[in-house]
Amino acid sequence: MENPQEKIGSLQRRGFWRDLQSLWQGLGLTWRHLFQARERRSPLHIADPNYFQQDTGVVTLTYPYESLPVPENGRYRLHNEIDDCIVCDLCAKICPVDCITIESVKATEEIGETSDGTKKRLYAPVFDIDLAKCCYCGLCTTVCPTDCLTMTKVYDFAEVDIKNMIYHFTDLTPEQAEEKKKLWADQQEAIAVAKAEAMKARQQQKGE
Ligand code: SF4
Ligand code: SF4
């Protein structure tokens with residue numbers, strides 16, 4: 001039977017060999033990675049058949065000089081091609097977090113066509129999307145009748161000031177917006193005057 005001192009010595013010897021073995025394994029791993037670091041993985045799309053074949057080499061990318069390709073159906077920064085927007089408000093209505101703000105002004109006549117041939121009759125003095133609130137659900141792009149609201153591949157758009165996360169898509173200056181509002185108001189006034197005069201003339205005819 002071992003006395004206590006022999007038992008302690010035996011445990012210390014076993015611990016020493018176990019630590020040495022662990023150190024040796026760790027060094028082996030380090031040397032293997034150093035050796036493999038002569039190669040590096042290329043930034044492949046996850047759908048690439050070779051994506052999982054590259055199991056050795058440096059995996060870190062030198063972003064922003066190189067980056068992983070993003071999927072075609074990825075949902076990143078929104079963009080509104082305002083020339084194709086008919087200001088129908090559907091996107092704002094469906095947005096679950098109310099991050100789209102649209103103000104519309106009626107035009108006095110047709111103001112053009114979108115690229116799919118839809119007639120445009122409304123101006124948008126305000127078309128803002130607060131991308132700090134957006135949850136990137138993509139619902140607004142789904143309902144857009146002219147496909148002018150799309151998700152782009154831009155994902156790196158962090159800002160220091162959160163106010164800069166509000167994207168403005170209007171193509172009108174405040175002065176132009178005021179001018180369009182006035183044109184509409186003047187047209188409505190002229191229509192009201194014309195209606196009143198027509199009514200008066202009819203009443204006079206009836207009285208004769
Ligand atoms: S992606 Fe979703 S949350 Fe973002 S603006 Fe569109 S509807 Fe709103
Ligand atoms: S749904 Fe499309 S067309 Fe309608 S207001 Fe929104 S962006 Fe414009």
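1. Where is Pro64 found? Pro64 lies in the loop that runs between helix 1 (4-36) and strand 1 (78-80). Keep in mind that this is a predicted model. Look at the link to the residue before it. Tyr63 and Pro64 are joined by a cis peptide bond, with omega about 10°. Most peptide bonds are trans. This bond deserves a look on screen.

2. Turn next to the ligands, starting with ligand 1. There are 13 residues around ligand 1. The nearest of them are Cys95, Cys134, Cys137, Gly138 and Cys140. In kind, the shell splits into twelve nonpolar residues, one polar residue and no charged ones. The space that ligand 1 takes up is the second largest cavity.

3. Ligand 2 has its own set of neighbours. Here the count of surrounding residues is 14. Cys85, Cys88, Asp89, Cys91 and Cys144 come nearest. The shell holds eleven nonpolar residues, two polar ones and one charged one. As for its site, ligand 2 sits in the largest cavity.

4. Now the nonpolar cores. The largest one has 24 residues. Leu78, Ile100, Phe127, Ile129 and Leu131 have the most contacts inside it. Several elements feed this core. Helix 2 (90-94), strand 2 (100-106), strand 5 (122-130) and strand 6 (149-151) each give it at least two residues. Strand 5 provides the largest share, three residues. Another core lies apart from this one. That other core has five residues, including Val105, Ala107, Tyr123 and Leu172.

5. Phe127 is a good residue to click on. Phe127 is one of the residues with the most contacts inside the largest core. Which residues does Phe127 touch, leaving aside neighbours within four places in sequence? Its partners include Asn80, Ile82, Cys85 and Cys91. Ile100, Thr101 and Ile102 are also among them. So are Tyr167, His168, Phe169 and Thr170. Cys85 and Cys91 have come up before: both are among the residues nearest to ligand 2.

6. Compare two residues in one loop. Thr146 lies between helix 3 (139-143) and strand 6, and Asp147 lies in the loop between helix 3 and strand 6 as well. Is Thr146 buried or exposed? Thr146 counts as buried, because its relative accessibility is 9% and the cut-off for buried is under 20%. Asp147 has 58% relative accessibility, so it counts as exposed. Leaving aside neighbours within four places in sequence, Thr146 is in contact with Asp84, Cys85, Ile86, Thr114, Asp116 and Thr118.

7. Check the backbone at two aspartates. Most residues other than glycine have a negative phi. Phi of Asp147 is positive, near 55°. Phi of Asp98 is positive too, near 50°. Asp98 is placed in the loop between helix 2 and strand 2. Its relative accessible area is 56%, so Asp98 is exposed.

8. Finish with helix 4 (residues 174-207), where Ala194 has its place. How does Ala194 count by accessibility? The value is 42%, so Ala194 is partly exposed. Then find Leu61. From C-alpha to C-alpha, Ala194 and Leu61 are 70 Å apart in space. In sequence they are 133 residues apart.

Conventions: Residues numbered from 1 in each chain as written. Chains lettered and ligands numbered in written order. Predicted model: local features only at pLDDT ≥ 70, side-chain atom pairs only at ≥ 80, totals over all residues. Heavy atoms only, no water. Near = heavy atom within 4 Å. 1 Å grid on protein atoms, 1.4 Å probe; cavity = no way out; pocket = protein on both sides within 12 Å on 5 of 7 lines; lining within 4 Å. Sits in = over half its atoms within 2 Å of the grid points. Nonpolar A, V, L, I, M, F, W, Y, C, P; charged D, E, K, R; others polar. Core = buried A, V, L, I, M, F, W, Y, C linked by side-chain atoms within 4.5 Å. Buried < 20%, exposed > 50% of the residue type's maximum accessible area, 1.4 Å probe, protein only. Helix = DSSP H or I, 4+ residues; strand = E, 2+ residues; numbered from the N terminus. Contact = heavy atoms within 4.5 Å.
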